[in-house]
Amino acid sequence: MTHPTVHVPAAAPSRPGSEWWRTAVIYQIYPRSFADASGDGIGDLRGITDRLAHLQELGIDAIWLSPFYRSPQRDAGYDVSDYCDVDPVFGTLADMDRMLGDAHARGIRVIVDLVPNHSSDQHVWFQEALTAEPGSPERARYLFRDGRGVDGDEPPNNWESVFGGPAWTRVTEPDGTPGQWYLHLFDASQPDFDWANPEVQEEFRRILRCWLDRGVDGFRVDVAHGLVKTDGLPDHLPPLDADSMGGGSGDAPYWGQDGVHEIFRDWNRVLAEYDGDRALCAEAWLPTVDQTALWVRPDEMHQAFNFSYLMTPWDAAQLREVITESLRAYPAVGAPSTWVLSNHDVIRHATRLAMTTAVPQGYGIGPASPDQPDPVVGLRRARAATTLMLALPGSAYLYQGEELGLPEVIDLPDEARQDPTWFRTGGTRYGRDGCRVPIPWQADAPGYGFGPSERSWLPQPTSWARLSRSAQEHDPDSTLWLYRTLLALRRNASLGSGTLTWLDGYPADVIAFRTDEITVIANLGSEPVALPTATVLVSSGPVDGGMLPPDTAVWLSVR
Ligand code: NOJ
């Protein structure tokens, strides 16, 4: 079997002033589901180190590592009990140092997840708060309040948890009486910090430094739009409805408050104390790109996820608009635009792009969902969407497994589900487990080679042998080879620092632009479209007789 010839130059070594993050392709590793070296069915840091050669071969510039810190794992590690230590399920600090060193030796940078909005309820600070008095300095690190109603038995306000149900839980005081309530925008095991408290601010400077000292290249900042709440914690009016992380509403009293920016200016100064270009990337779900651009002004963060792009349906006019808006709004504040189609919180794009209904972020899809998308259409569109995305100027984020064309796993058995969303909504929202199923590496191995045993913390579909990396390695038409080819061409042509010029003369449901010497054409319509005479550099699907089929994208050389 012949493979396309792809020369993948190594990424440039870390060098101060290179601002690598402006054009980088950053690959998200969700450690529980990437590769399991210990055999307990949960991925770990040694598993990542063992597979770094695959990532180098893929041609990425950096890794974003989702949480691996000490944690009771109530929200898959986004409930941190010790921010500067590694959870035994993932390994040790020495494993982390080894992974970081090996990645750097391969020219791959590593940014780690920082979770500053909330800790685990097992964090020593929260445990101290529970045994301390109302009004004590220990309680003042979190958001404890008296309840409403005669006996204080109603929550302090009407806020809803992102995972469903009230955002408040009442504690029992040390003397056994029903006591105050604490705020948790997520699970009850994730109490929110009070960011007005200087002690919290100082603790996070220490946490940033503990990882910067170990050599990480930056941070992806969890819930970067939620740290500051409106003074007095007023009711949300009108009450929130189907809004999840905030992408759909601008005025919740806990999303996007002005005061949050001072925190990131402070962190920017902490990063500037270090050599090299360390970067901050905001996870901020906001209604518009202009609002999101506020997080990446010159003295704040360096990047923000472009969730407006991720949430845009497979529609040419809407995509043209969000791309145009992004390439205006982010550069206007001196930042690159980012692009992203999948992550561990959303329905994988190989499924989502064939859906006919918009599902709010985090709700997921399951066997009883009315919209059951066609997997063939989904994969075809996903390949076209990625082909379009990787030509865009700026930085792109990939989510592990998308290079294999993995779909969302829709038919997970109810008893296998682990997302707190599923439990907090009594099963009415499926949640995010379907995009977190462990990666198939080897077609003919137990657990598809995820680990040395057949164990896997979420069950893998029996159909995944053909999607495994080993199966695709020998197929030049595979999604794996499509990603490798796109990434190599993108790097060789420096498309990340390119400019985009829209091309006229195509039907309305076609996206066509030029970036440097490359013309990109994506057909989102239902009829084939004639291509100009040019050399095809890469295409997301078969292109015959000079015609571009529906749901297909192509890069042409117009030199
Ligand atoms: C966003 C993370 O990406 C998600 O997985 C997590 O559940 C919430 N923040 C809470 O930390």
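Thirteen residues surround the ligand, and those that come nearest among the 13 residues are D75, D222, H344, D345 and R432. The model described here is predicted.

**Ligand site**

By class, the shell around the ligand is made up of four nonpolar, two polar and seven charged residues. Three aspartates of the nearest group each place a polar side-chain atom close to an oxygen atom of the ligand, as the table sets out.

| Residue | Ligand atom | Distance from a polar side-chain atom of the residue |
|---|---|---|
| D75 | oxygen | 2.6 Å |
| D222 | oxygen | 2.7 Å |
| D345 | oxygen | 2.4 Å |

Taken on its own, the ligand has 300 Å² of accessible area, and the protein covers 99% of that area. As for its location, the ligand sits in the largest cavity.

**Three-stranded sheet**

One open sheet consists of three strands in the order β6-β8-β7, with antiparallel pairing. Strands β6 (144-145) and β7 (168-172) stand at the edges of this sheet; each has a single partner strand, so one side of each is left without a neighbour in the sheet. Between β6 and strand β8 (residues 178-183), the antiparallel pairing extends over two bridges. R145 has W181, in β8, as its bridge partner.

In general, the strands of a sheet pair through backbone hydrogen bonds, in either the parallel or the antiparallel sense.

**Five-stranded sheet**

A further open sheet contains five strands, arranged in the order β14-β15-β16-β20-β18, and its pairing is antiparallel. The edge positions here are held by β14 (501-502) and β18 (535-539); because each has a single partner strand, one side of each is left without a neighbour in the sheet. Strand β18 runs antiparallel to strand β20 (residues 552-557), to which four bridges join it. In β20, L556 is the bridge partner of V536.

**Summary**

The ligand sits in the largest cavity, and D75, D222 and D345 are among the residues that come nearest to the ligand. The two sheets described are both open and antiparallel, one with the order β6-β8-β7 and one with the order β14-β15-β16-β20-β18.

Methods. Residues are numbered from 1 along each chain as its sequence is written. This is a predicted model: local features need pLDDT of at least 70, side-chain atom pairs count only at pLDDT 80 or more; totals for chains, interfaces and linings use all residues. Side-chain values use heavy atoms; hydrogens and water are left out. A residue is near a molecule or strand if one of its heavy atoms lies within 4 Å of it. A polar contact is a pair of N or O atoms within 3.5 Å; within protein, one must be able to donate a hydrogen and the other to accept it, and residues adjacent in sequence count only if both atoms are side-chain atoms. Accessible areas come from the Shrake-Rupley method with a 1.4 Å probe; for residues, only the protein chains shown count as cover. On a 1 Å grid over the protein atoms alone, a cavity is a set of points where a 1.4 Å probe fits but cannot get out, and a pocket is an open set with protein on both sides within 12 Å along at least five of seven lines; lining residues have an atom within 4 Å of a point. A molecule sits in a cavity or pocket if more than half of its atoms lie within 2 Å of its grid points. Ala, Val, Leu, Ile, Met, Phe, Trp, Tyr, Cys and Pro count as nonpolar, Asp, Glu, Lys and Arg as charged, and the others, Gly among them, as polar. Two strands pair if DSSP finds at least two bridges between them.
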